[in-house]
Amino acid sequence: MHEAELYRLVTACCDQLGLDRYHDHDARRNQPGWPDLVIWGPGGIVYRELKSDLGRPSRAQLRLGQALAAAGADWAIWRPDDWRHGTIASALLTLAYTRHRRQPQDVATPPGAHAGGVADGKAEGADPSGG
């Protein structure tokens, strides 16, 4: 399978799952090594380089991928075998559906600030008498 066919399959799956994606059609204007696809949804964001079975990433692609991974990003290379074994579909399903939605109380609030417009358990501007 050629890289172009893998791209077509991945993007069709993204469309079916309602995932957003970015692919620059003129990579000559990008930073060297920028991944083929950036895909995101409620479950997160991934940076993916697509290669054929025999395709090799360039040094720039590997260097940028390592920098993204070191910064905490989910970067990887996808190949046709990843499609055939269901690895890609599984990753895209994870992106499409949130496993754990963070609740407002899980988010740290700076001292003196109000989380989500709530102070002392009551919404700002609410009538203190409850009426």
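Which residue in β4 does R48 stand opposite? Keep that in mind while I go through the sheet.

What we have here is a predicted model. The mean pLDDT of the protein chain is 80, and 73% of its residues reach 70 or more. Residues 101-131 are another matter: the pLDDT there is below 50, and this stretch has 10 contacts in the model beyond near neighbours in sequence. I will leave that part aside.

Now the sheet. As a reminder, strands of a sheet pair through backbone hydrogen bonds, either parallel or antiparallel. This sheet is open, with 4 strands in the order β1-β2-β3-β4, and its pairing is mixed. Residues 20-22 form β1 and residues 75-78 form β4; these two stand at the edges with a single partner strand each, so one side of each has no neighbour in the sheet. On average, neighbouring strands are turned by 30° against each other, ignoring direction.

Next, the pair β3 and β4. Strand β3 covers residues 44-50, and 4 bridges join it to β4; the two run parallel. Back to the opening question: R48 stands opposite A76 in β4. Packed on the sheet is helix α2, residues 59-70, which touches β3 and β4. The direction of α2 makes about 140° with that of β4.

One more position on these strands: E49 stands opposite I77 in β4. As for how the chain gets across, it goes from β3 through α2 to β4, a β-α-β crossover that is right-handed.

To find this on the screen, start at β3, residues 44-50, follow the chain through α2, and end at β4. That is my part.

Methods
Residues numbered from 1 in each chain as written. Predicted model: local features only at pLDDT ≥ 70, side-chain atom pairs only at ≥ 80, totals over all residues. Heavy atoms only, no water. Pairing = 2+ DSSP bridges. Axes fitted to C-alpha atoms, helices over the stretch in contact; angles between N-to-C directions. Contact = heavy atoms within 4.5 Å. Right-handed = clockwise from strand over helix to strand, strands pointing away. pLDDT = per-residue confidence, 0-100.
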